[in-house]
Amino acid sequence: MQATSTIEQPAAPPASDSRSWSRAFRDIREAWGQRELWAHLGWQDIKQRYRRSVIGPLWITIGMGSTALALGLLYSQLFGQDIATFLPYVTVGFIIWNFILGCVVEGTDVFIANEGLIKQLPAPISIYVLRMVWRQVLLFLHNLIVYVIVLAIFFSSLSHPYYLQNSQVEHPGLGLGMLLAIPAFALLVINGSWVALLFGIVSTRFRDIPPVVSSFINLVFFMTPIVWSTGDLTKVTNGTGSWRTAVAELNPMYHYIEIVRAPLLGHQQSWHHWVVVGALTIVGWALALTALRNYRARVSYWV
Amino acid sequence: MVSIDVWNASVDFPIFEAKSRSLKKLVLGKVGGKIATETKIPIIEALHDISISLKEGDRVGLVGHNGAGKSTLLRLLSGIYEPTRGSSRIVGKVAPVFDLGVGMDPEISGFENIIIRGLFLGMSRKQMEQRVDDIAEFTELGDYLSMPLRTYSTGMRVRLALGVVTSIDPEILLLDEGIGAVDAAFLNKARDRLVDLVKRSGLLVFASHSDEFLMELCNSAIWMDEGKVKMHGSLREVLTAYKGKDPYENLSPEMLERLGEAPAFAGNGGGDNG
């Protein structure tokens, strides 16, 4: 029996670079370079869901529209709010929440769901993250149609300075400040990417994470000022900023939602939300990049 | 310059069973200390200490029994698995054809699938659109290309996958067995295209149980056994050692001439790296 043949190997074997920053960054860079692929796949995912249905992706818009309408009507009555200002508030909050929800919940599943592709085709793993986030962006854009409709209906009550009930804060009304929603949403997308990357890698290794995340995310929804406002908190504390106001301030979701929601509704903006989100972006990406560096090569073993 | 180098590489699969795959064990396991041995994850050593150096122009056949590590080795060579020990370096654009079903979406049309598969293999949408007519002609699928893929038979899917991969110019082509599901007439046609493709591609690694295919496409071979390279040499040497007899013996003279082999096996003939 012949042993392994000895062929002239080039140079001494270099140390494996599987766990290096350069490979981690290269992964992201190459994934970004394959825009055509993930953009196509992300759009395909949406078309796929509604193939053979008559109005297709418009169902996304209709679903969001009816949910926002029902929630807006119900909670405006429960909290004794004016529908004209409260319905747009709930609608926008819910649309943004849906984007965050998608990124977090589907983010935990991002590599597990793509097991077949990961095991068969050599590709940077960030591609699957970008595909998922892009899909969420497209869903968000569909839902934005509901926002436009709601805005058209209640424009007269939002276009001038107004108050939300239970709140002393005067909102300046719709204006040029709306443009801030664009960088705010971009920041949200950037955050969605690190969430999916980090949660995706950890969940691939520990399969308890996805079910844990999907059960606790509902709790987060009710703890976040979406169907209620921080004004309600101020009211129950009689304006004496007690510990109860911390419920909102300590919840990162509140800040993420607020930076996009405030400009879209012509609300008074507070820079501290931007500061919090900015800090979370940096910390989050640092964690995600560390996970990518250390476990990028392990994902194909774990799925 | 296209090349694949693997140095003392091992591929170990951790086997997480339901219990050890949860955080609970990892977190709680540390508390007791005693249980720590239980939390240790069993490992399957799929490949052990592999050193291979392939360069431009190599056409390597992979032989070995089921479970010998052929498919895992192909995934190592494609870069899907990075070695858990040792290291590897792959230079060139890899086009793997492992599972013909992957990257194929049953609900969308054959045409759309061609585009997506091409995108996965590193082509642009435009480049694929230029090739669609050629692929349609080659696969003989005609109007079926506008039908959803779930209406296709296995053979038709193989045709589609082969059509796509043979229409592009990969630098490193990695083929796993499983292209046998098509009928003989198409296989002959595909063979010509495959041979042509192999000539165009810089490097080929092909796992197959078909001597005929191996002899047609490859000039050297690696025999995998229990996750190790048992033998690496000329195709004829390796096949003879693997099968226990010279597979070239029973070939017709015309066939031998086409393959450029001598009718009798001299013992160490043809080997360039024996």
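Is B:D12 buried or exposed? At 10% relative accessibility, B:D12 counts as buried. That is a value from a predicted model, as is everything else below.

**The salt bridges of chain B**

B:D12 has a charged partner: its side chain makes a salt bridge with B:R85, where the closest N and O atoms are 2.7 Å apart. This contact joins distant parts of the chain, with B:R85 in strand β4 of chain B and B:D12 in strand β1 of chain B, 73 residues apart. Unlike its buried partner, B:R85 comes out as partly exposed, at 40% relative accessibility.

A second salt bridge ties together B:D5 and B:R89, and here the closest N and O atoms are 3.9 Å apart. Again the pair spans distant parts of the chain: B:D5 belongs to strand β1 of chain B, B:R89 to strand β4 of chain B, and 84 residues separate them. B:D5 is buried, with a relative accessible area of 3%, while B:R89 is partly exposed at 39%.

**The sheet behind them**

So what do these strands belong to? Chain B has an open sheet of three strands in the order β2-β1-β4, with antiparallel pairing. Because β2 (43–55) and β4 (85–91) of chain B are the edge strands and have a single partner each, one side of each has no neighbour in the sheet. From one strand to the next, the twist averages 25°. Strand β1 (residues 3–14) of chain B pairs with β4(B) over six bridges, in the antiparallel sense. Within that pairing, B:D5 sits opposite B:R89 in β4(B), the residue that is also its salt-bridge partner.

**Two unusual backbone angles**

Two residues of chain B are worth a look if you care about phi. Neither B:D49 nor B:E226 is a glycine, yet each has a positive phi.

| Residue | Phi | Place | Relative accessible area |
|---|---|---|---|
| B:D49 | about 50° | strand β2 of chain B | 42%, partly exposed |
| B:E226 | about 50° | loop between β8 (220–225) and β9 (228–234) of chain B | 66%, exposed |

**Over to chain A**

Over all chains, the count comes to 17 salt bridges. One of them is in chain A, between the side chains of A:R261 and A:E258, at 2.8 Å from N to O. Both residues lie in helix α11 (residues 252–265) of chain A, three residues apart, or about one turn of the helix. Both are buried, too. There is also a network of salt bridges that links A:D17, A:R23, A:R296 and B:E82.

Chain A has a nonpolar patch on its surface as well, formed by A:V54, A:I55, A:L58, A:W59, A:I62, A:I145, A:I149 and A:I153, with about 790 Å² of accessible area together. Helices α3 (58–78) and α6 (126–158) of chain A each supply at least two of the patch residues. A:I145, for example, lies in α6 of chain A and is partly exposed, with a relative accessible area of 37%.

The unreviewed UniProt entry annotates several stretches of chain A as "transmembrane region", among them residues 54–75, 133–155 and 209–228. In the model, residues 54–75 of chain A are 82% helix and 0% strand, with the end C-alpha atoms 32 Å apart. For residues 209–228 of chain A the span is 75% helix and 0% strand, and the end C-alpha atoms lie 29 Å apart.

Terms used:
Residues numbered from 1 in each chain as written. Chains lettered and ligands numbered in written order. Predicted model: local features only at pLDDT ≥ 70, side-chain atom pairs only at ≥ 80, totals over all residues. Heavy atoms only, no water. Patch = residues over 30% accessible without salt bridge, like charges linked within 9 Å, V, L, I, M, F, W, Y side chains within 5 Å. Areas by Shrake-Rupley, 256 points an atom, 1.4 Å probe, with all protein chains shown as cover. Salt bridge = Lys/Arg side-chain N within 4 Å of Asp/Glu carboxyl O. Helix = DSSP H or I, 4+ residues; strand = E, 2+ residues; numbered from the N terminus. Buried < 20%, exposed > 50% of the residue type's maximum accessible area, 1.4 Å probe, protein only. Pairing = 2+ DSSP bridges. Axes fitted to C-alpha atoms, helices over the stretch in contact; angles between N-to-C directions. UniProt positions renumbered as here; feature names shortened; annotations may be inferred.
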